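These are my notebook entries on one protein chain. I set down what I looked up, topic by topic.

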Amino acid sequence: MTHAIRFHQTGGPEVLVWEGVEVGKPGPGEARIRHTAVGLNFVDIYVRSGLYPTQLPSGLGSEAAGVVLELGPGVTDLKAGDRVAYGSSPLGAYAEERLIPADRLIKLPDGIDDKTAAAMMLKGLTVQYLIRQTHRVKSGETILLHAAAGGIGLILGQWAKHLGATVIGTVGSDEKAKLAQAHGCAHTIVYSREDFVKRVEEITGGKKVPVVYDSVGKDTFLKSLDCLAPLGLVALFGQSSGSVEPLNLGLLAQKGSLYVTRPTLNTYGAKRENLVAMAKELFDVVLSGAVKIEVNQTYPLKDAAKAHADLAARKTTGSTVLLV
């Protein structure tokens with residue numbers, strides 16, 4: 001018998017329960033792994049609350065690091081004892097042990113510890129597709145990043161700066177502005193007291209930006225469109241303030257033949273070869289020191305409800321890890 005965080009109904013953090021579970025032997029193409037560290041992400045709140053529906057009762061979480069215990073038939077590129085991590089998997093990471101499709105597992109290089117890996121896989125792979133695939137950030141560009149002091153924001157700011165871009169980051173407080181500036185943002189905008197559309201125009205001399213990375217959603221989306229240069233792109237990859245209202249596509253024409261995309265890691269990393277290549281690029285920038293992964297909060301896994309409450313209340317910065 002092992003333990004996992006599960007929920008039997010959707011709702012607030014209080015629906016999360018620590019309970020005993022049976023983990024069977026791995027089937028074809030599966031691995032059984034023992035977790036050491038589990039990543040906390042805003043998407044976990046969407047799932048727990050019912051915004052992203054799942055069949056109940058359910059496990060939670062799709063990012064963790066640990067050790068391979070046993071492999072099912074047909075798995076040839078891993079062995080028992082391998083240190084592995086993942087950031088794109090079926091729900092169930094909030095567990096001491098689990099079964100997982102082996103093609104979702106990435107071997108960890110020696111230079112990256114388990115806690116760092118659990119903090120960086122989902123966020124780092126998300127940043128990889130956003131700035132290397134959705135819109136390939138180029139040296140000399142100025143880009144806009146919302147929630148610049150969040151887990152994804154701190155990685156994206158550093159990586160985009162490393163690529164030679166000028167990053168404008170929106171944040172909720174002066175404290176978070178300092179954090180964002182220390183992680184690649186050349187300019188920060190405290191949106192609670194500044195109009196970010198006006199500030200982007202001022203910073204860019206009226207040229208605006210070719211891309212906005214928006215994980216906030218409802219509160220920022222329409223204004224994000226107003227920050228774009230003609231033919232610009234909003235990459236809406238989250239909705240921490242709520243879902244975006246239905247969009248009149250005529251607005252995209254009026255505002256300069258704009259583009260909008262709603263990308264996900266599951267799509268970009270669906271093929272194993274793509275996932276492995278994305279992870280290699282992420283590991284390279286982390287091992288080089290260009291991107292530093294900072295775990296600013298840790299909680300015991302069984303206290304996941306407290307971690308969820310703190311994340312929703314914006315009491316956390318950077319990455320949060322649940323320790324097993």
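**Entry 1: a pair of facing residues**

Which residue stands opposite valine 211 in E12? I found that leucine 233 is the one facing valine 211. I note at the outset that the model is predicted.

I then looked up the two strands concerned. Strand E11 covers residues 209-214 and strand E12 covers residues 228-236. They run parallel and are joined by five bridges.

**Entry 2: the sheet around them**

I next traced the sheet as a whole. Six strands make up an open sheet, and I read their order as E10-E9-E8-E11-E12-E13, with parallel pairing. At the edges I found strand E10 (185-190) and strand E13 (259-261), each of which pairs on one side only. From one strand to the next, the twist averages 20 degrees.

Which helix packs on the sheet and touches E8, E9 and E11? I identified helix H3, residues 151-162, in that position. The direction of H3 makes about 175 degrees with that of strand E8 (142-145).

I also looked up helix H4, residues 174-181, which lies across E9 and E10. Relative to E10, helix H4 runs at about 165 degrees.

**Entry 3: helix H3**

I examined H3 by itself. The helix has twelve residues, and the distance from its first C-alpha to its last is 17 Å, close to the 16 Å expected at 1.5 Å a residue. Just after H3, I noted that glycine 164 has a positive phi of about 100 degrees.

How many of the twelve residues of H3 are buried? I recorded ten, so H3 is mostly covered, since a residue counts as buried under 20% relative accessible area. Among them are Gly151, Ile152, Leu156 and Trp159.

I chose glutamine 158, which is found in H3, for a further check. Its relative accessible area is 9%, so glutamine 158 is buried. Leaving aside residues up to four places away in sequence, glutamine 158 touches His183, Gly184, Ala290, Val291 and Lys292.

**Entry 4: alanine 182**

I looked for alanine 182 and placed it in the loop between H4 and E10. Is alanine 182 buried or exposed? Its relative accessibility is 61%, so I entered alanine 182 as exposed. I also looked up how alanine 182 lies with respect to valine 260: the two are 78 residues apart in sequence, and their C-alpha atoms are 29 Å apart in space.

**Entry 5: cysteines**

I searched for disulfides. A disulfide is a covalent bond between the sulfur atoms of two cysteines. The structure holds zero disulfides.

Why does cysteine 185 form no such bond? The closest cysteine sulfur, in cysteine 227, is 14 Å from the sulfur of cysteine 185, which is too far for a bond. The cut-off for a disulfide is 2.5 Å between the sulfur atoms. Cysteine 227 is likewise in no disulfide.

I checked the exposure of both residues. Cysteine 185 is buried, with 5% relative accessible area, and cysteine 227 counts as buried at 1%.

**Entry 6: aromatic rings**

I recorded three aromatic pairs from a search of the whole structure. Tyrosine 129 and tyrosine 268 form a stacked pair, with 4.5 Å from centre to centre and 5 degrees between the planes. This pair links distant parts of the chain, 139 residues apart: tyrosine 129 is in helix H2 (residues 114-134) and tyrosine 268 is in helix H8 (residues 265-268).

The exposure of each ring residue was my next item. Tyrosine 129 is buried, with a relative accessible area of 2%, whereas tyrosine 268 is partly exposed, at 23%.

Elsewhere I noted one aromatic cluster, formed by Phe42, Tyr46 and Tyr52.

**Entry 7: strand E15**

My last item was strand E15, residues 319-323, which is mostly covered, with four of its five residues buried. Which way do E3 and E15 run, parallel or antiparallel? I found that strand E3 (residues 30-39) and E15 run antiparallel, joined by three bridges. Within that pairing, leucine 323 is the bridge partner of alanine 37.

Strand E14 (residues 295-300) runs parallel to E15, and five bridges join them. In E15, leucine 322 stands opposite tyrosine 299.

Conventions: Residues are numbered from 1 along each chain as its sequence is written. This is a predicted model: local features need pLDDT of at least 70, side-chain atom pairs count only at pLDDT 80 or more; totals for chains, interfaces and linings use all residues. Side-chain values use heavy atoms; hydrogens and water are left out. Two strands pair if DSSP finds at least two bridges between them. Axes are lines fitted to C-alpha atoms, for helices over the stretch in contact, and angles run from 0 to 180 degrees between N-to-C directions. Contact means heavy atoms within 4.5 Å. Buried means under 20% relative accessible area, exposed over 50%, partly exposed in between (1.4 Å probe, protein chains only). The expected span of a helix is 1.5 Å times one less than its number of residues. Rings of Phe, Tyr and Trp (its six-membered ring) pair if their centres lie within 6.5 Å; planes under 30 degrees apart count as stacked, over 60 as edge-to-face and the rest as tilted.
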